[in-house]
Amino acid sequence: MNAAPKTLRHLSDLSDAGLIDADKRQALEQVAARYAVAITPAVAALIDAADPQDPIARQFVPDPAELDVRPEENADPIGDHPHSPVAGIVHRYPDRVLLKLTAVCAVYCRFCFRREMVGPAAEPLTPRELDAALGYIAAHPEIWEVVLTGGDPLLLSPRRLKQVVSQLAAIGHVKVIRVHTRIPVAEPSRITSELVRTLRVKGKATYVVLHANHARELTAAAREACARLIDGGIPMLSQSVLLAGVNDDAQSLGSLMRALVECRIKPYYLHHADLAPGTAHFRTSIEHGQELMRQLRGRLSGLCQPTYVLDIPGGHGKSPIGPDYLSRSTDGRFEVEDYNGAQHIYQSNSDQAAHVPDVVLRKRSAAVQR
Ligand code: SF4
């Protein structure tokens with residue numbers, strides 16, 4: 001009988017699986033000494049080892065390019081630490097906090113924005129720290145939403161998750177529990193009915209946000225795992241990272257967004273890749289990201305449109321950085337660009353009737369006649 005496939009965690013595992021070249025081994029030893037490596041069987045099965053440009057391999061197989069650390073890069077690129085009042089909590093926006101339950105992930109993404117904080121060597125939150133983190137949430141009535149993140153919170157056992165979720169459920173002002181995870185893709189069999197029941201709490205809304213970057217990640221097993229969550233009453237959103245060589249062309253990005261919507265997952269964020277150390281080879285220009293968003297807007301249903309965002313370095317939060325379709329014309333009216341790139345004048349000021357577009361005049365006249 002063949003043994004069940006295991007998660008690939010060592011360079012020797014990757015080498016045996018034909019995922020790394022012998023001539024890169026020395027450089028990769030340095031990469032692996034610094035950043036955790038893990039590729040689950042579900043993800044390994046997706047990799048086409050014969051394709052040097054494979055978009056799945058690029059996300060998970062370590063690369064010597066990770067040793068190229070740029071001066072603009074930062075170990076805490078989105079500024080978690082300055083907004084962490086107690087261990088495990090990041091309180092960046094008034095009405096919500098991150099609760100980082102674990103620093104462990106099923107897979108380690110080579111572009112991870114928390115790559116200096118996650119990995120098997122990182123310390124988990126101790127019971128005392130977890131109590132203090134929950135105490136902080138309870139003591140701040142402005143906290144409406146708690147985002148469980150990490151690491152990957154769905155790696156915790158249902159029993160431990162249940163404890164945390166029940167404690168959050170007891171805090172009256174917390175109305176929404178959001179879970180950020182890659183598990184439905186990386187280890188879909190972990191999404192059991194028991195886990196789904198654990199995440200649902202009476203009186204609170206639970207959302208699960210899936211991290212996926214390429215349509216091929218949404219295998220039949222991943223789709224079934226997502227369906228178990230959604231059919232169990234948990235709405236799903238997605239977050240993706242714009243990654244050079246993975247999804248930075250209109251075809252790949254569009255296919256990803258469509259695949260998500262077909263799984264009943266609403267695309268939520270498309271992140272501009274953060275300035276994490278050794279990740280320059282993944283970053284596109286913002287102009288390229290904006291052009292891709294224009295192409296999505298022109299080609300795909302509104303359901304398939306994520307918000308393109310940048311986490312401002314230093315912990316200043318996310319800002320939308322998508323293309324702008326509205327500008328002022330020289331006479332003070334608005335110019336609006338349509339999805340084909342053509343410009344149109346829009347007059348919004350109702351007391352300048354001479355400039356009011358016909359469609360607005362027709363509606364106004366119909367309202368007067370009623
Ligand atoms: S799953 Fe998320 S936290 Fe874990 S390595 Fe990937 S991006 Fe980082």
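**Close-up views of a predicted model**

**View 1. A small look at an open sheet built from strands β10, β11 and β12.** In this predicted model, the sheet has 3 strands in the order β10-β11-β12, and the pairing is antiparallel. The edges are taken by β10, covering 326–328, and β12, covering 343–346, and each of these pairs on one side only. Going from one strand to the next, the twist averages 30°.

**View 2. Here we zoom in on how β11 and β12 are joined.** Strand β11 takes in residues 334–337, and 4 bridges tie it to β12, with the two strands running antiparallel. Want one pair to look for? Find E335: its bridge partner in β12 is I345.

**View 3. This one goes inside, to the largest nonpolar core.** The core counts 92 residues, and those touching the most other members are I39, L99, I137, V146, L168, L199 and L210. Helix α10, residues 250–262, gives the most to this core, with 6 residues.

**View 4. Now we pick out L168 and its contacts.** Setting aside neighbours within four places in sequence, L168 is in contact with L134, I137, V146, L148, V174, I177 and K204. Two of these partners, I137 and V146, are also on the list of core residues that touch the most other members, as is L168 itself.

**View 5. Meet E145, a residue of strand β3.** The strand spans residues 145–149. Is E145 buried or exposed? E145 counts as buried because its relative accessible area is 8%, and the cut-off for buried is under 20%. Leaving out residues up to four places away in sequence, E145 touches D95, R96, V97, V176 and R178. With R178 there is something extra to spot: the two side chains are joined by a polar contact of 2.7 Å. For a sense of distance, compare E145 with A38: they sit 107 residues apart in sequence, and their C-alpha atoms are 30 Å apart in space.

**View 6. Last up are two cysteines, C105 and C109, both buried.** C105 has a relative accessibility of 15%, so it falls under the 20% cut-off and counts as buried. C109 is buried too, with a relative accessible area of 11%. How many disulfides does the model have? The count comes to 0, where a disulfide would need a pair of cysteine sulfur atoms within 2.5 Å.

Terms used
Residues are numbered from 1 along each chain as its sequence is written. This is a predicted model: local features need pLDDT of at least 70, side-chain atom pairs count only at pLDDT 80 or more; totals for chains, interfaces and linings use all residues. Side-chain values use heavy atoms; hydrogens and water are left out. Buried means under 20% relative accessible area, exposed over 50%, partly exposed in between (1.4 Å probe, protein chains only). Two strands pair if DSSP finds at least two bridges between them. Helices (H or I, at least four residues) and strands (E, at least two) are DSSP runs, numbered from the N terminus. Axes are lines fitted to C-alpha atoms, for helices over the stretch in contact, and angles run from 0 to 180 degrees between N-to-C directions. A nonpolar core is a set of buried Ala, Val, Leu, Ile, Met, Phe, Trp, Tyr and Cys residues joined through side-chain atoms within 4.5 Å. Contact means heavy atoms within 4.5 Å. A polar contact is a pair of N or O atoms within 3.5 Å; within protein, one must be able to donate a hydrogen and the other to accept it, and residues adjacent in sequence count only if both atoms are side-chain atoms.
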